[in-house]
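Please walk through this protein model from its overall contacts down to single residues, keeping the sequence and the coordinates in view.

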Amino acid sequence: MDAITAKELAELQSTGAAFTLLDVRRDIARERDGTQIANAQWCNPALWLDWKDQVPTDKPVVLYCAHGHEIGQGLTTVLRVMGLDARYLEGGISAWQSAGLATQALA
């Protein structure tokens, strides 16, 4: 499957492994929440055609949306079809927060 759990992502971060973390929540959901997972880069899901070719191809990619459903899964599929090693955060940032994992305020 193309998913990673919050616990697995936290472990990946703690090892210092090189990977790209993309926040693909809709702008309104992101602004309403006001936080993000550390080192995430926001990519507007409505503009995915504009940024998909700029995602680094030399390391794994993890995407997260609000709840880990259609946005995260759909964009993960797009990147995988393009040949990238991409996975989505199961349960999205909601699962991350429910697990008590740290977030940071949006810049």
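## From contacts to cores

In this predicted model, 68% of the contacts between residues at least 6 apart in sequence join residues that are at least 24 apart. The secondary structure behind these contacts comes to 5 helices and 7 strands, and from the N terminus on the elements run in the order β-α-β-α-β-β-α-β-α-β-α-β. The C-alpha atoms fill a box of roughly 35 × 30 × 25 Å along the principal axes. For a chain of 107 residues, a compact globule would have a radius of gyration near 13 Å, and the 12 Å found for the protein agrees with this. Buried residues make up 37% of the 107 residues.

The sheet is a convenient place to continue. Five strands form an open sheet with parallel pairing, and their order across the sheet is β1-β6-β5-β2-β4. At its edges stand β1, residues 3–4, and β4, residues 41–42, each of which pairs on one side only. The partner of β1 is strand β6, residues 86–89, and the two run in the parallel sense over 2 bridges; within this pair, Ala-3 stands opposite Tyr-88 of β6. Helix α4, which spans residues 70–81, packs on the sheet and touches both β5 (61–64) and β6, with a direction that makes about 175° with that of β6.

Strand β2 covers residues 20–23 and includes Thr-20. Is this residue, Thr-20, buried or exposed? Thr-20 is buried, because its relative accessible area is 8%, which falls under the 20% limit used for that class. Leaving aside residues up to four places away in sequence, Thr-20 touches Pro-56, Lys-59, Pro-60, Val-61 and Val-62.

The nonpolar interior can be followed next. The largest nonpolar core has 13 residues, of which Leu-22, Val-24, Trp-51, Val-55, Val-61, Leu-63 and Leu-79 touch the most other members. Both β5 and α4 supply at least two residues of this core, and α4 gives the most, with 3 residues. For Leu-79, the contacts beyond four places away in sequence are with Lys-52, Val-55, Val-61, Leu-63, Leu-84 and Ala-86. Apart from the largest core lies another, of 12 residues, and among them are Leu-9, Ile-37, Tyr-64 and Leu-89.

The cysteines remain to be considered. A disulfide is a covalent bond between the sulfur atoms of two cysteines. How many disulfides does the count come to? The count comes to 0, and the distances show why: the sulfur of Cys-43 has its closest cysteine sulfur in Cys-65, at 13 Å, which is too far for a bond, given that a disulfide requires the two sulfur atoms to lie within 2.5 Å. Seen from the other side, the sulfur of Cys-65 likewise has its closest cysteine sulfur in Cys-43, at 13 Å, so a bond is ruled out by distance. Cys-43 is buried, with a relative accessible area of 6%, and Cys-65 also counts as buried, at 5% relative accessibility.

Technical notes
Residues numbered from 1 in each chain as written. Predicted model: local features only at pLDDT ≥ 70, side-chain atom pairs only at ≥ 80, totals over all residues. Heavy atoms only, no water. Pairing = 2+ DSSP bridges. Helix = DSSP H or I, 4+ residues; strand = E, 2+ residues; numbered from the N terminus. Contact = heavy atoms within 4.5 Å. Axes fitted to C-alpha atoms, helices over the stretch in contact; angles between N-to-C directions. Buried < 20%, exposed > 50% of the residue type's maximum accessible area, 1.4 Å probe, protein only. Core = buried A, V, L, I, M, F, W, Y, C linked by side-chain atoms within 4.5 Å. Rg over C-alpha atoms; globule rule 2.2 N^0.38 Å.
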